[in-house]
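Trainee: Could you pick one spot in this model and take me through it slowly? I'd like to hear what surrounds it, and then how the rest of the chain fits around that.

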Amino acid sequence: MDLDFSIILAQWPRLLWGLAYDLYFALAGFAIGCIIGFISYLGSASRSKIANGISYVYVQIVRGLPMYLLLLWIYFGIATKFGLALSGPQAIITAIGIMSSAFASEIFRTGYNSIDIGQIEAGKALGLSDYRINRMVLFPQVIRVVIPPLLNVFVICFKASTYAAVVAVPELIFAAQDISLNHYRPFEAYISVAALLITTMLLLSMLVNIVENRMPESRGL
């Protein structure tokens, strides 16, 4: 097989821009997912049965939806039904945010459940309000517990960002498809994209491992 990577080298800036798009979509969607996930957790932790039920149903539905279907539903379904003109980047960020929120909600729930309830009772005995107990006692401990699994969710968000090619966003996979079609070099294009994605995933996984290894030291402070 005659391999020619000269075309890929000429298109290298385009591929790097595509990778940058993927990282941006992952980061923006992850941030939205953490916010929605925390709100969902608050619903599940509230004393309201209605809020509990809404949070539970939301998490179960979102966790069961494939990312591909979720993106198509947001980009085409919402636009058709409600007349909302969402751009490709807006659709992929929204889809990643919704998808990651279900994981984030469960992570926050696990983090708060790991805290000894005696600390809450001690805070109330000292006359602290629920807000101050959460801000001063619980949250600093919870954040140390949830950061490593949340970083793993970010890795999932990064992989999900490649679905942006479905809605014609010029990210990494879309750039590879265009190079393959216009220059008839599919093997070179996709193997280069695979190398970029694997390298980025390895770097992100190393970051997760570094944080996980340092978190026990933080708990001892």
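Mentor: Let's start at Ser180. If you skip its neighbours within four places in sequence, Ser180 is in contact with Arg185, Pro186, Ala189 and Tyr190. Keep in mind as you look that this is a predicted model. Ser180 sits in helix α8, and with a relative accessibility of 11% it counts as buried, because the cut-off for buried is under 20%.

Now follow one of those contacts, Arg185. The side chain of Arg185 meets that of Glu188 in a salt bridge, with 3.0 Å from N to O. Glu188 has just 2% relative accessibility, so it is another buried residue. If you wonder why such a pair forms at all, side chains of opposite charge can pair when their charged atoms come close.

Step back into helix α8 and find Asp178. Asp178 makes a salt bridge with Arg14, and their closest N and O atoms are 2.7 Å apart. Here's the fun bit: Arg14 belongs to helix α2 (residues 12-45) while Asp178 belongs to helix α8 (residues 172-183), so this pair ties together parts that lie 164 residues apart in sequence. Both ends are partly exposed, Arg14 with a relative accessible area of 33% and Asp178 with 25%.

Next, go to Phe187, which is in helix α9 (residues 186-219). Phe187 is partly exposed, with a relative accessible area of 39%. Together with Leu3, Phe5, Leu9 and Ile191, Phe187 forms a nonpolar patch on the surface, and the accessible area of the patch comes to about 450 Å².

Let's widen the view. UniProt, in an unreviewed entry, places the feature "domain: ABC transmembrane type-1" at residues 19-208. Over that stretch the chain is 84% helix and 0% strand, and the C-alpha atoms at its two ends are 19 Å apart.

What about charges elsewhere? A search of the whole structure turns up 4 salt bridges. Another of them joins Glu106 to Arg109, with the closest N and O atoms 2.8 Å apart. Unlike the bridge between helices α2 and α8, this one stays within a single helix: Glu106 and Arg109 both lie in helix α5 (residues 88-113), 3 residues apart, or about one turn. Glu106 is partly exposed at 22% relative accessible area, and Arg109 is partly exposed at 32%. Salt bridges that share partners also bring in Arg63, so that Arg63, Glu106 and Arg109 make one network.

Stay in helix α5 and look for Ile92. At 0% relative accessibility, Ile92 counts as buried. Leaving out neighbours within four places in sequence, Ile92 is in contact with Phe25, Met67, Leu71, Ala160, Ser161, Tyr163 and Ala164. Take Phe25 from that list: Phe25 and Ile92 are 67 residues apart along the chain, yet 7.0 Å separates their C-alpha atoms.

Last stop, the aromatic rings. The count comes to 9 aromatic pairs. One of them is Phe30 with Phe154, an edge-to-face pair with 5.6 Å from centre to centre and 75 degrees between the planes. That pair links distant parts of the chain, with Phe30 in helix α2 and Phe154 in helix α7 (residues 130-160), 124 residues apart. Both rings are buried: Phe30 has 14% relative accessibility, and Phe154 has a relative accessible area of 12%.

Phe38 and Phe108 make another edge-to-face pair, 5.2 Å from centre to centre with 80 degrees between the planes. Phe38 lies in helix α2 and Phe108 in helix α5, so this pair ties together parts that are 70 residues apart in sequence. Phe108 is buried at 7% relative accessible area, whereas Phe38 is partly exposed at 25%. Ring pairs go on to link Phe38, Tyr41, Phe108 and Tyr112 into a cluster.

So here's a route to retrace on screen. Begin at Ser180 and its contact with Arg185, then move to Asp178 and cross its salt bridge to Arg14. Arg14 puts you in helix α2, and from Phe38 in that helix you can cross to Phe108 in helix α5.

Notes. Residues numbered from 1 in each chain as written. Heavy atoms only, no water. UniProt positions renumbered as here; feature names shortened; annotations may be inferred. Helix = DSSP H or I, 4+ residues; strand = E, 2+ residues; numbered from the N terminus. Buried < 20%, exposed > 50% of the residue type's maximum accessible area, 1.4 Å probe, protein only. Contact = heavy atoms within 4.5 Å. Patch = residues over 30% accessible without salt bridge, like charges linked within 9 Å, V, L, I, M, F, W, Y side chains within 5 Å. Areas by Shrake-Rupley, 256 points an atom, 1.4 Å probe, with all protein chains shown as cover. Phe/Tyr/Trp six-rings, centres within 6.5 Å; stacked < 30°, edge-to-face > 60°.
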